[in-house]
Amino acid sequence: YSSQNEQDSHFYARAAHIPMLDPADSAEALRFTREAFEVSERFDVPVFIRSTVRVSHTKTPVEPGARADVPLKAYESDPAKWVMMPAFAKPRRKVQLERIDALREWAEECSYNEVVRKGDAVGVALPVDEACELYIAHAVSTVADEGIDFQGLKVALDVGHGASCMTSPEALRRLGADVTVINEDFDGTDINVQCGSTHLGPVRDLVAEIGADVGIAHDGDADRVMLVDARGNEIDGDVVEAVCAIDLKERGLLPGNTAVSTVMCNLGLSHALRDAGIDLVQTKVGDRYVREGGFVVGGEQSGHMIFLEHNSTGDGLVTALQFLAACKRAGKSIEEAASVMTRFPQTLVNVQVHDKHAADDNAAVQAAVAAAEEALGDSGRVLLRPSGTEPVVRVMVEAASVEEAERHALAIADVVKAEL
């Protein structure tokens with residue numbers, strides 16, 4: 001299951017002249033496996049089902065459907081078909097070439113690869129029966145099964161012209177919330193444009209306009225969520241994680257009393273969890289690192305969260321529901337619940353360098369970092385991180401005040417620029 005194998009496995013099917021079905025999620029894996037047997041029988045050929053790490057480890061809703069009874073076929077011994085001695089190979093090659101032509105014709109017409117042109121977009125449509133209903137029911141169950149509903153909660157929702165326009169409003173309404181939605185029209189051309197979780201202005205304005213208790217904003221594919229309270233204060237992924245981790249601990253559902261975040265989380269998260277008796281494991285940025293320890297909750301400041309009991313990857317709707325449920329269990333308003341964490345001012349400086357990997361071994365850079373850390377003590381943090389895509393070293397400093405964070409960040413950045 002290495003990434004290299006995932007990239008190369010398409011060539012196995014091509015080299016063997018057999019069809020490959022490439023499911024994108026758990027539901028498709030089931031459907032494609034069933035279809036593979038039918039294709040195999042129809043064309044008298046083995047069929048390759050490609051299973052990637054993402055598909056193998058993602059928890060997505062699956063509707064098994066009715067069992068189909070298929071009568072067994074009697075085994076027939078046929079050495080000329082299966083034993084490719086020279087005398088058998090030549091006539092079988094003709095059969096194989098005819099089969100390849102038939103498979104190519106079938107592939108052009110089958111329902112798996114439907115090209116849809118709409119507006120400026122071209123994409124691949126993979127039909128799944130009742131996909132929205134299956135997903136909504138799953139998301140709602142993560143809260144409803146705990147006896148929680150949102151009766152009396154007034155929600156302002158910005159779906160960012162994205163995927164959640166078909167799911168989040170309905171899920172929140174089924175749980176009893178009074179929901180007002182904006183940016184719910186969808187044509188694929190204006191996703192996240194001045195709206196959604198990366199531009200909180202529209203949802204903040206809507207909260208003020210309708211007097212909502214909370215504002216919720218998704219990004220285009222709804223794997224993230226950002227919120228605002230009734231006064232328009234931003235609630236990012238760090239605050240969401242603090243509230244939810246403490247809720248899980250109080251219910252005895254936080255293994256090892258440990259939560260996971262990335263090295264880019266705000267120092268306020270570490271302090272809030274420490275005060276609640278919760279350990280924080282900090283990893284590199286990315287789902288795979290957040291999941292590696294097997295803990296039940298982890299995430300990023302961007303609002304990309306993993307609740308491993310419910311999903312193995314980011315899910316903005318489930319994250320919002322878990323946060324709201326935690327607030328309700330605590331008997332607190334959104335603003336009161338979010339106050340468990342105090343955000344430290346954070347300054348980030350990007351420095352163009354010749355060698356972005358040399359910082360760890362440069363004595364002058366490390367001395368500058370050590371001096372800043374000694375001055376900040378427990379009330380601040382320094383992080384140097386090379387960019388994954390640019391010749392840049394990112395210098396991040398958190399401190400008790402904006403001025404202090406900026407002063408230390410710029411001082412370290414000057415040394416990095418001079419040395420690297």
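Here are some questions and answers about this predicted model.

Q: Why is Val-365 called buried?
A: Buried means under 20% relative accessible area. Val-365 comes to 1% relative accessibility, so the residue counts as buried.

Q: What makes up the surroundings of Val-365?
A: Val-365 has its place in helix α14. Leaving aside residues up to four places away in sequence, Val-365 touches Ala-359, Leu-384, Val-415, Val-416 and Glu-419. A contact here means heavy atoms within 4.5 Å. Val-416 is 51 residues from Val-365 along the chain, yet their C-alpha atoms are separated by 5.9 Å.

Q: Which strands does helix α14 lie across, and at what angle does the helix run to β15?
A: Helix α14, residues 363–376, lies across β15 and β16. Its angle to β15 is about 150°, on a scale that runs from 0 to 180 degrees between N-to-C directions.

Q: What makes β14 and β15 edge strands?
A: Each of them pairs on one side only. They belong to an open sheet of three strands in the order β14-β16-β15, with antiparallel pairing. β14 covers 346–352 and β15 covers 381–386. From one strand to the next, the twist averages 15°.

Q: How do you know that β14 and β16 pair?
A: Two strands pair if DSSP finds at least two bridges between them. β14 and β16 (residues 392–398) have seven bridges, in the antiparallel sense, so the pairing criterion of at least two is met. As one example, Gln-346 has Glu-398 in β16 as its bridge partner.

Q: Why is the pairing of the five-strand sheet called mixed, and what is known of β5 and its partners?
A: The five strands form an open sheet in the order β6-β5-β7-β8-β9, and the pairing is given as mixed for the sheet as a whole. Parallel pairs are among its members: β5 (residues 154–158) and β7 (residues 214–218) run parallel, joined by four bridges. β5 and β6 also pair in the parallel sense, over five bridges. Leu-157 stands opposite Ile-216 in β7 and opposite Val-181 in β6.

Q: Which strands are the edges of this sheet, and what makes them so?
A: The edges are β6 (178–182) and β9 (234–235), each of which pairs on one side only.

Q: How do you know that helix α8 packs on the sheet?
A: Helix α8, residues 201–210, touches β5, β6, β7, β8 (225–229) and β9. Its direction makes about 155° with that of β5. Another helix, α12 (residues 316–330), lies across β7, β8 and β9, and runs at about 160° to β7.

Q: What makes up the two faces of β6?
A: The covered face has Val-179 and Val-181, while Asp-178, Thr-180 and Ile-182 are on the uncovered one. Why the alternation? In a regular strand, side chains alternate between the two faces of the sheet.

Q: What is known of the protein chain as a whole?
A: The secondary structure comes to 15 helices and 16 strands. Of the 420 residues, 42% are buried. Among contacts with a separation of 6 or more, 65% are between residues 24 or more positions apart. The C-alpha trace spans about 85 × 60 × 45 Å along its principal axes.

Q: How many positive and negative side chains does the protein chain have?
A: The chain has 40 positive and 68 negative side chains, and the centres of the two sets lie 6 Å apart. The exposed area is about 22,400 Å², with carbon and sulfur atoms supplying 52% of it.

Note on methods:
Residues numbered from 1 in each chain as written. Predicted model: local features only at pLDDT ≥ 70, side-chain atom pairs only at ≥ 80, totals over all residues. Heavy atoms only, no water. Buried < 20%, exposed > 50% of the residue type's maximum accessible area, 1.4 Å probe, protein only. Areas by Shrake-Rupley, 256 points an atom, 1.4 Å probe, with all protein chains shown as cover. Lys, Arg positive; Asp, Glu negative; His and termini not counted. Charge placed at Lys NZ, Arg CZ, Asp CG, Glu CD.
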